[in-house]
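I opened my notebook to look around one protein. I wrote down what I looked up, in the order I looked.

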Amino acid sequence: MKRGVLLDRDGVINRMVYDAEHGTVDSPAHPEQFELLPGAADAVRALNRSGLPVAVVSNQPGVAKGKMTLALQEAITSKMHAELAAGGAHLDGVYYCLHHPDAELPEYRVRCECRKPRPGLLLRAADELGISLADSWMIGDGLTDVQAGQAAGCRTVWLGAWKCDVCHIARDKNAAPAFIAADLAQAVRMITEQISLARA
């Protein structure tokens with residue numbers, strides 16, 4: 001069993017999409033909307049060079065909510081792989097939860113074990129990639145990422161500013177991350193430093 005790094009997708013690897021008509025921010029619903037965040041490919045490449053398996057574990061209910069087709073979801077994933085590859089990086093696995101308890105499509109209207117904050121996606125990734133979750137990291141920009149990582153036994157990294165309102169919610173849910181980083185690049189630097197210290 002080996003260390004690994006599990007990543008949320010939207011807001012970690014790629015930009016969120018602003019819908020001016022509705023004033024909302026959401027996941028990309030079309031490949032044309034998918035755009036890697038600055039430094040994301042470099043960060044994933046650094047993990048690749050460190051020999052750490054890297055996988056995406058992400059709630060993606062867009063199909064369930066009728067916002068996109070499964071073909072568009074797959075096209076977005078293909079673009080993610082292509083843009084990372086253009087930066088010399090690769091993912092060892094991509095694991096999505098397509099369900100939502102209030103889905104418009106009945107086949108996706110499920111209270112599943114894979115939708116974060118439950119740890120099902122992380123457990124599946126660990127099983128298929130041979131990862132020891134106790135020695136691995138979950139990186140995300142939401143409390144559900146932290147909660148899922150904790151439930152799976154990972155060390156957790158929160159991306160973004162640790163605002164006071166988030167602190168209170170995290171404390172109430174017993175979901176404080178082990179580390180806080182401004183972006184994926186900083187999170188990767190922290191992880192590689194932790195590994196170096198462990199080996200020293």
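**Entry 1: the pocket**

Which element gives the most to the lining of the largest pocket? I checked, and β2 does, with 3 residues. I note here that the model is predicted.

Next I looked up the volume of this pocket. The largest pocket comes to about 530 Å³. Its lining has 26 residues, and the closest to the centre are D10, M16, D26, S27 and P61.

Then I went back to the elements. At least two lining residues come from each of β2 (17-19), β3 (24-26), β4 (54-59) and α4 (143-152).

I also sorted the lining by residue class. I found 10 charged, 9 polar and 7 nonpolar residues.

**Entry 2: Q60**

I turned to Q60. Q60 sits in the loop that runs between β4 and α2 (70-86).

Is Q60 buried or exposed? Q60 counts as buried because its relative accessibility is 1%, and the cut-off for buried is under 20%.

I looked for its side-chain partner. The side chains of Q60 and R9 make a polar contact of 3.2 Å.

I then listed contacts, skipping neighbours within four places in sequence. On that list Q60 touches R9, D10, S27, Q73, Y96, C97 and L98. I had met two of these names before: D10 and S27 are among the residues closest to the centre of the largest pocket.

**Entry 3: K116 and the bond after it**

K116 belongs to the loop between β5 and α3. P117 is in the loop between β5 (93-97) and α3 (120-129).

I checked the peptide bond from K116 to P117. This bond is cis, and its omega is near 25°.

Why does K116 count as buried? Its relative accessible area is 3%, and buried means under 20%.

Which side chains make polar contacts with the side chain of K116? I found D8 at 3.0 Å. I also found D145 at 2.6 Å.

I listed the contacts of K116 too, leaving out neighbours within four places in sequence. They are D8, V57, S58, N59, L122, M138, T144, D145 and A148.

**Entry 4: α4**

D145 and A148 led me to α4. In this helix, L143, D145, V146, A148, G149 and A152 are buried.

I remembered a rule about helices. An α-helix has 3.6 residues a turn, so residues three or four places apart point the same way.

I also looked just past the end of α4. There G153 has a positive phi of about 90°.

**Entry 5: the cores**

How many residues does the largest nonpolar core have? I read off 37, and L7, I139 and L184 have the most contacts inside this core. Elements that give this core two or more residues are β1 (5-7), α1 (40-49), β4, α2, β6 (137-140), β7 (155-159) and α6 (184-199). α6 gives the most, with 6 residues.

I followed L7 further. Not counting residues up to four places away in sequence, L7 touches V12, I13, V44, V54, A55, V56, V57, M138, I139 and L184. A second core, separate from this one, has 18 residues, and A55, C97, C112 and A152 are among them. So L7 also touches a residue of the second core, since contact means heavy atoms within 4.5 Å and A55 is on both lists.

**Entry 6: residues with more exposure**

I wanted some contrast with the buried residues. I started with G120, which lies in helix α3.

G120 is partly exposed because its relative accessible area is 22%, while buried would need under 20%. Beyond four places in sequence, G120 touches E113 and C114. I also took one distance: G120 and V157 are 37 residues apart along the chain, and their C-alpha atoms are separated by 18 Å.

A182 came next, in the loop between β8 (179-181) and α6. With a relative accessible area of 57%, A182 is exposed, as exposed means over 50%. From A182 to I131 I counted 51 residues in sequence and 26 Å in space, C-alpha to C-alpha.

My last residue was D102, in the loop between β5 and α3. Is D102 buried or exposed? D102 counts as exposed, at 60% relative accessibility. D102 and L91 are 11 residues apart in sequence, and 30 Å lies between their C-alpha atoms.

Definitions and conventions
Residues are numbered from 1 along each chain as its sequence is written. This is a predicted model: local features need pLDDT of at least 70, side-chain atom pairs count only at pLDDT 80 or more; totals for chains, interfaces and linings use all residues. Side-chain values use heavy atoms; hydrogens and water are left out. On a 1 Å grid over the protein atoms alone, a cavity is a set of points where a 1.4 Å probe fits but cannot get out, and a pocket is an open set with protein on both sides within 12 Å along at least five of seven lines; lining residues have an atom within 4 Å of a point. Grid points are joined across faces, edges and corners, and a volume is the space filled by probe spheres set on the points. Helices (H or I, at least four residues) and strands (E, at least two) are DSSP runs, numbered from the N terminus. Ala, Val, Leu, Ile, Met, Phe, Trp, Tyr, Cys and Pro count as nonpolar, Asp, Glu, Lys and Arg as charged, and the others, Gly among them, as polar. Buried means under 20% relative accessible area, exposed over 50%, partly exposed in between (1.4 Å probe, protein chains only). A polar contact is a pair of N or O atoms within 3.5 Å; within protein, one must be able to donate a hydrogen and the other to accept it, and residues adjacent in sequence count only if both atoms are side-chain atoms. A nonpolar core is a set of buried Ala, Val, Leu, Ile, Met, Phe, Trp, Tyr and Cys residues joined through side-chain atoms within 4.5 Å.
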